[in-house]
Each structure stands twice: as structure tokens, then as C-alpha cells.
Amino acid sequence: MTTGTGMTKEQGSSPMRSRSLARRRRRDSAARFWRQYRTHRAGLFGLGALLLFALPALTAPLLVGSDVDDVTDAPGGPLEDPSTAFPFGTDRFGRNLLGLVIWGARVSLLVGLLAAVLSVAIGTLIGVTAGHFKGWYATVTMRITDWFLVMPTLVLAIALAAVMPRSLLTIVVAIGVTTWPTTARLVRAQTLAVETRPYIERARALGGGHWHIMSRHVLPNVMPLVLAQTTLIISSAILAEATLAFLGLGDPTVVSWGALLQDAREAGAVSSGHWWYLVPPGVAIAVVALAFTLCGRAVEQVLNPQLGVSR
């Protein structure tokens, strides 16, 4: 039996069956990944810590309100000790530090995620193309990569942030364009290994071009490495954002954990003994960076079992 276009029902339903099969395979793959991931206790701890910070950050407008950083109508007095009304105390302007830490999580996590994505995107592009094309292109790009590797990353980021306008975009760009070399090196090594496999030779023999081979054969095989590298770089990006904000190179109009530490330094919290001004944002930075590292290690071990399992 044919349809109005002359296509049989079996032919018309074939694409639908293919899509259904693809969705089922993706679900099975995700379920298999989760079964393996949850055997890593450190990875589960890191995931739980991330949820503990991410959920309040996403609901911050409802939990603390959008005017938590308002200095003209602060709810408390300057530098009040922790109390029932202010569990984390207040800052030098009388603002609720608990609300500022929750609100600052939005900025710190967002900047860390965007900077890591930019860094991994640059590193993946350079690594895949250098591993595929080889020759003079690979030589030039790898020498540039080596130059970035030997240069202090933080110094380069500070230099970029100092000459560009002070904004969150500047911080993202400064971190992203200075932390990609490690990813480029790892992806290039994986690309070279993939390019030696027989199916790559068959794809070339069948007329596959450079773009086809890189996008359909090489990139899917390096994506597990890219995913694991992304989770690891996010922690470094969060630390870098906090450092730049602490040095006064961040956006002065937004609240982040690094900006809170800078405010505490300017208020003399260290010398005056106002520990509650320093401890919450500092602990938040350390815990989130550790959590992303634990998650990254667990993802890396699940996607590449040859690394060995450490629970």
C-alpha cells in the first residue's frame, strides 16, 4: 500500500524507527553512564556539593531577592556578627552576607562555566585540526601552544583583564584564551591515535573529505576526553575568576565570591578579626572547585576505564 506521494508505509515509517532507535540508544547510554558513575563515591560527593550550591544559585531571586546587593537600603548595620537574623553576619555596608554569597554563586558559577566552555572549544579546535592536518600547520600551532604553556596563565589573564573593559565578558575571555593549551595537547594526542584506526583509512578511500573525517569520525571519539576536561577546567576557571575579582579586575557592579573577598580585604576584615566576612566566600570557592574536580575525575574514569578506578 502506498501513500499519496507514492511512498509505502514501510518506507515512511523507516525514518521514525531510526529516530526511535537512536533515542533508545541514547537513553541506554545515559543509564549505563549513571550506573557506572554512581559507583564512584568521590564523584557522588562532588555532584551533591554542586547541587547544594547550584540550586540556591538558580533560585536566588526567590530566596534572597534581586536587591540583595543594594547598599542604600541595607537591612543591617556595618559588620554585624553572625546572628539569627544574619547567619553569616553583614558586610561593611550592612548587607546580608548569606544573601550575597548565594547571589554571588550565580556569577561565579556562570563565569566559570562559560570560561571553561570557551577554553575547551579553542583547545578542541586547535587539537583536532593539528592532529588531522599535521605538517607545517601542526608545527606552527603546537609551537604557539607551547608558548602559552610556559607562560604563567594567571599573568596573561591579568594582563588581558587590565587592558580590556571591566566586565564579566572580559573575565570570561581572559580566562578562556589563556587556559586552552592543555586541552589542545590532550585532544591532539587523542586525534593522532584515532587517525591511525582502519575505519579512517576506509573513509578516505571512499572519498571522505577533511571536514567529514574530523566531524563524523574524529570528533565523536575525542568528545569523552573533551567532556572530562571541561569539568576539570571549570574548577580552575572559578578559581581564576575569584583571583581576578579579588585583584579588582572584575566587574565592580556585580557580586561574586571573589568580589566579596576583595570587599573584605578593603574593609580590613583580616586585621580587625571579622572572620565571617572572609570565611563563607572562601569556603564556597574551595568546595565548588573541589566538587568540580571530583566530578571531573569520576567522569574521566567512567569514560576511559583504562585509567583505572579509584573510589
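Is D263 buried or exposed? Select D263 to find out: with a relative accessibility of 14%, D263 counts as buried, where buried means under 20% relative accessible area, exposed means over 50%, and partly exposed covers what lies in between, for a 1.4 Å probe and protein chains only. The model is a predicted one, in which local features need pLDDT of at least 70 and side-chain atom pairs count only at pLDDT 80 or more, while totals for chains, interfaces and linings use all residues. Residues are numbered from 1 along each chain as its sequence is written, and side-chain values use heavy atoms, with hydrogens and water left out.

**The whole chain**

Begin with a cartoon view of the protein chain, whose secondary structure comes to 13 helices and zero strands; helices (H or I, at least four residues) and strands (E, at least two) are DSSP runs numbered from the N terminus. The C-alpha atoms fill a box of roughly 75 × 55 × 45 Å, taken along the principal axes. Of the 311 residues of the chain, 40% count as buried. If you compute a contact map, with contact meaning heavy atoms within 4.5 Å, residues 24 or more positions apart account for 70% of the contacts with a separation of 6 or more.

**D263 and its surroundings**

Return to D263, which has its place in helix 11, and display its partners: not counting residues up to four places away in sequence, D263 touches R92, R95 and Y277.

**The largest pocket**

Next, select D251, P252, T253, V254 and A259, which lie nearest the centre of the largest pocket among its 22 lining residues. A pocket is here an open set of points, on a 1 Å grid over the protein atoms alone, where a 1.4 Å probe fits and protein lies on both sides within 12 Å along at least five of seven lines, and lining residues have an atom within 4 Å of a point. The volume of this pocket is about 330 Å³, a volume being the space filled by probe spheres set on the points, which are joined across faces, edges and corners. Two or more lining residues come from each of helix 4 (97-133), helix 7 (168-176), helix 10 (210-246) and helix 11 (257-266), and helix 11 supplies the largest share, five residues. Coloured by type, the lining divides into 10 nonpolar, five polar and seven charged residues, where Ala, Val, Leu, Ile, Met, Phe, Trp, Tyr, Cys and Pro count as nonpolar, Asp, Glu, Lys and Arg as charged, and the others, Gly among them, as polar.

**The nonpolar cores**

Now select V218, W257, V288 and F292, which touch the most other members of the largest nonpolar core, a set of 48 residues; such a core consists of buried Ala, Val, Leu, Ile, Met, Phe, Trp, Tyr and Cys residues joined through side-chain atoms within 4.5 Å. Helix 13 gives the most to this core, with 11 residues. Centre the view on W257, which, leaving aside neighbours within four places in sequence, is in contact with F53, V101, G104, A105, S108, P281, A284, I285 and V288. Apart from the largest core lies another, of 13 residues, including A115, A161, I171 and A237.

**V187 in helix 8**

Move to V187, found in helix 8 and buried with a relative accessible area of 1%. Its contacts beyond four places in sequence are G123, T124, G127, V128, L225 and V226. A C-alpha to C-alpha distance drawn from V187 to L125 comes to 8.8 Å, although the two are 62 residues apart in sequence.

**Aromatic pairs**

Show the rings of Phe, Tyr and Trp (its six-membered ring), which pair if their centres lie within 6.5 Å and count as stacked with planes under 30 degrees apart, edge-to-face over 60 and tilted for the rest. The structure holds eight aromatic pairs, one of which, W136 with Y137, is edge-to-face at 6.3 Å centre to centre and 85 degrees between the planes. W136 is exposed at 69% relative accessible area, whereas Y137 is partly exposed at 28%. Elsewhere, ring pairs link F33, W34 and Y37 into a cluster.

**Two positive phi angles**

End in the loops. K134, between helix 4 and helix 5 (135-150), has a positive phi near 55 degrees while not being glycine, and is partly exposed at 36% relative accessible area. L79, in the loop between helix 3 (60-63) and helix 4, likewise is not a glycine and has a positive phi of about 55 degrees; L79 is partly exposed, with a relative accessible area of 22%.
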